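This report covers charged side-chain pairs and one helix. The sequence and the structure are shown first.

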Amino acid sequence: MSRNFYPELVRVDALDKVRGATKFGTDNRPDNLVHGAFAVATIGKGRVISIDTAAAEALPGVVSVITHRNTTSLKPAQFLMGGGFAFQTHSPLLTDHVAYRGQPIALVLAETLEVAIDATAVLQVSYEEQPFAATIDNPLAEPIAQAEAPMRYPLEDISVGDAPAAYEGGAVKVDSTFTMERQFQNPMELIGTVAAWEGDRLTIHEGTQNAGGCKFGVADQLGINPDNVTVISPFIGGGFGQKNSMQSQLVLAAFASRELGRPVKIVVPRRQLFHDATSRPATRQRVRLAANRDGRLVGALYDVDAQTSKLDFFPAEHADTAARFYGYPAFKSFTRLIRTDIPTPGYMRAPFEHATAFAIESAMDELAYKLDMDPIELRLRNDTAVDVVSGLPHSSRHVAECLRRGAETFGWSRRDPTPRSMFAPNGDLIGMGVAIGLYSGSGGPTRARITARRDGAVSLNVGVHEMGQGVLTAITNVVSKRLGIPASAITATVGVTSGVPQPLTAGSWGSASAVPATEAACDALMKALAEAGVDISASLPLGEMVARTGAGQMQVEASSVAPGQELQVLGRTDTGRVAPAGPVYPGFVAFSYAAHFVEVHVEGSTGRIRVPRVVSMFDCGRVLSPRTARSQAIGGVVWGIGGTLREGAETDARYGGVMNGDIAEYLIPVNADIGSIEPGFIDEPDFQVNRSGVKGLGEVVMAGVAPAIINAVYHATGIRVRDLPLRLEALLKPQA
Ligand code: MOS
């Protein structure tokens with residue numbers, strides 16, 4: 001079929017976003033709006049004995065105060081990874097139980113936000129306090145072997161060959177332990193809900209990665225028919241996993257709105273997000289690597305302690321990543337979940353892969369130095385075409401290509417491997433480090449609908465969410481190319497449950513699911529036109545073809561599922577459940593890969609670290625839209641720098657909660673921290689993982705940045721840092 005070719009639009013939503021015209025969830029202000037604000041627990045754990053609301057209710061403008069005494073009609077939330085919809089099972093304000101410091105205990109509703117906030121301060125609350133553990137090292141923390149935890153989707157330890165014996169017999173060994181503090185996403189758009197009822201119909205405006213989950217979740221908790229709920233989330237101001245499920249405020253906003261008969265808005269302030277939303281859990285990882293003198297790994301042992309809450313078992317999938325870095329002849333993992341009194345942790349961009357790469361790839365650098373071998377050469381010697389865990393081939397794995405091309409672009413050959421041997425003109429120590437990262441090439445069931453009108457206009461509706469990553473641009477360009485129409489003729493809608501079902505967009509499977517579904521819908525449209533008697537080979541404009549059918553418009557719907565999935569799996573996502581597949585598929589295993597090359601400059605007297613230069617090479621299958629891919633990559637590297645040199649939630653073990661719970665004190669990189677970031681792409685389609693050749697990019701981009709920095713810091717200073725965030729004092733310690 002020969003179709004017209006139109007240039008790709010670089011970013012369909014750019015104009016509205018730069019003009020501030022894009023409306024995010026809580027930008028909506030229905031008439032007669034009531035504002036909600038939470039009062040939060042000031043104890044580490046325990047029970048609410050009483051809440052005296054009289055003073056709050058007496059404040060002019062206060063409409064109502066909701067506590068656990070008013071909410072008996074609500075059902076508790078179900079945990080996302082327990083087959084449900086919410087970030088944890090515990091629902092604040094549904095019981096008197098205080099599970100962690102900062103948990104909401106009352107919701108004040110008022111005519112203005114200021115009055116609502118004011119009123120939270122005059123509630124008189126008395127508690128019964130209980131002992132608690134907010135950190136993984138606390139004696140009251142409860143470790144449990146993950147393989148023995150009663151989880152809905154159980155995770156077993158990995159054991160391939162006799163790894164302990166192989167490790168013992170190895171000629172050159174590394175045995176290192178790495179720690180990482182809790183981290184928080186902090187998307188620009190805060191978590192929040194606008195809920196409004198019209199009769200028995202509920203409309204929710206909310207920035208979420210999971211409009212379908214929110215629809216079914218809120219219906220379940222309210223005890224209403226999900227058909228009566230519409231969730232509207234066309235744009236998200238950053239999700240990064242924190243918005244992948246129902247948060248505490250959603251059901252309470254909907255409930256309060258129903259009680260009051262008025263629309264309710266709740267925006268959870270930044271400080272409260274540090275206490276009642278998901279985080280990347282704290283981890284402690286022990287890596288033991290053994291190799292022959294020629295650098296070939298003979299065995300690896302990998303132990304992980306990952307923080308979870310006492311409410312839910314948040315899965316720790318670090319070992320699934322660790323086992324895929326190299327072709328270890330023997331590999332054994334042991335994962336423990338450490339139950340603590342915090343909100344249930346969650347998925348945060350490269351949820352396991354960021355931490356795992358830090359540990360594995362730091363240990364590989366240590367091994368390279370012990371072997372006196374170039375770290376790229378060590379990695380190339382241990383590359384593999386076969387997945388160690390399943391014995392299946394990788395569908396595509398361009399790790400060696402990423403390393404070689406990255407090294408070339410970066411100028412790796414200029415590196416003198418001796419630590420403390422390279423200096424900048426101003427006397428700073430120069431360090432150069434390399435590391436790889438990887439992330440599952442996942443996919444999942446997705447539906448797409450195309451409506452083509454005789455005037456040439458096309459509406460596209462796909463089950464996916466636009467959180468800034470550029471999926472709207474990708475699917476618009478796919479339709480433009482496939483149907484031979486200009487992008488300006490296409491209106492794409494995503495994230496709104498009144499159209500096709502809106503499954504969770506996460507796990508870097510968004511584009512890898514939405515694009516195949518969109519392509520399938522384009523093909524279905526052409527097929528329907530042909531079946532209506534239109535000669536689709538005649539290169540007629542699309543609108544003309546529709547006109548020739550005699551109908552005003554033509555609508556088709558198509559779906560796609562991941563390899564090995566049955567079509568029935570659509571039933572799960574149609575009801576708001578999670579149903580991704582990958583990285584292990586029938587007959588092959590799929591991952592995306594990154595190789596990062598980092599240059600650091602370290603000021604000798606203060607230990608101050610600068611990262612003037614990063615070169616990163618990615619294997620994400622086919623690159624869908626170059627501009628948004630590049631933007632994703634730069635963002636991921638920036639976050640990698642932040643996640644290594646800045647970010648760490650400080651927990652006070654005596655009181656619980658996060659002490660640096662705002663983005664003034666929880667440090668994130670600023671422009672002055674960022675130098676040149678040069679991303680490159682292998683751009684080889686992988687047609688085994690899906691028909692579009694797309695493996696996913698959003699998370700692999702930050703996997704491996706941390707160890708590349710740490711390895712560069714070692715090269716610069718001779719100091720091996722094994723605890724993140726890297727603080728200056730780590731470089732000021734007297735060296736043995
Ligand atoms: Mo992402 S952390 O899987 O939303």
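## Salt bridges and helix α12

Glutamate 168 has a relative accessible area of 55% and is therefore exposed, the cut-off being over 50%. The model is a predicted one. Glutamate 168 pairs with lysine 173 in a salt bridge, with 3.9 Å between the closest N and O atoms. Lysine 173 is partly exposed, at 25% relative accessibility.

In total the structure holds 44 salt bridges. Side chains of opposite charge can pair when their charged atoms come close. Three of the pairs are listed below.

| Basic residue | Acidic residue | Closest N to O distance |
|---|---|---|
| Lysine 310 | Glutamate 142 | 3.9 Å |
| Lysine 173 | Glutamate 168 | 3.9 Å |
| Arginine 405 | Glutamate 401 | 3.9 Å |

What does the salt bridge between lysine 310 and glutamate 142 tie together? Lysine 310 is in the loop between β15 (297-309) and α8 (318-322), while glutamate 142 belongs to strand β7 (residues 142-145), so the bridge links parts that are 168 residues apart in sequence. Glutamate 142 is partly exposed, with a relative accessible area of 35%.

The pair of arginine 405 and glutamate 401 is placed within one element: both residues lie in helix α11 (residues 399-410), four residues apart, or about one turn of the helix. An α-helix has 3.6 residues a turn, so residues three or four places apart point the same way. Both partners are partly exposed, arginine 405 with a relative accessible area of 34% and glutamate 401 at 33% relative accessibility. Elsewhere, Lys45, Glu142, Lys310, Arg339 and Asp341 are joined into one network by salt bridges that share partners.

The second topic is helix α12. This helix comprises residues 471-483, and at 1.5 Å a residue its 13 residues should span 18 Å. The C-alpha atoms at its ends are 18 Å apart, which agrees with that expectation.

Is α12 mostly covered or mostly open? It is mostly covered, with eleven of its 13 residues buried. The buried residues are Val471, Leu472, Thr473, Ala474, Ile475, Thr476, Asn477, Val478, Val479, Ser480 and Leu483. Which elements do the buried residues of α12 pack against? Their partners are the strands β19 (446-453), β20 (458-462) and β21 (490-494), together with the helices α13 (510-531), α14 (542-548) and α16 (626-645). Just after α12 comes glycine 484, which takes a positive phi of about 65 degrees.

Methods:
Residues are numbered from 1 along each chain as its sequence is written. This is a predicted model: local features need pLDDT of at least 70, side-chain atom pairs count only at pLDDT 80 or more; totals for chains, interfaces and linings use all residues. Side-chain values use heavy atoms; hydrogens and water are left out. A salt bridge is a side-chain nitrogen of Lys or Arg within 4 Å of a carboxyl oxygen of Asp or Glu. Helices (H or I, at least four residues) and strands (E, at least two) are DSSP runs, numbered from the N terminus. Buried means under 20% relative accessible area, exposed over 50%, partly exposed in between (1.4 Å probe, protein chains only). The expected span of a helix is 1.5 Å times one less than its number of residues. Contact means heavy atoms within 4.5 Å.
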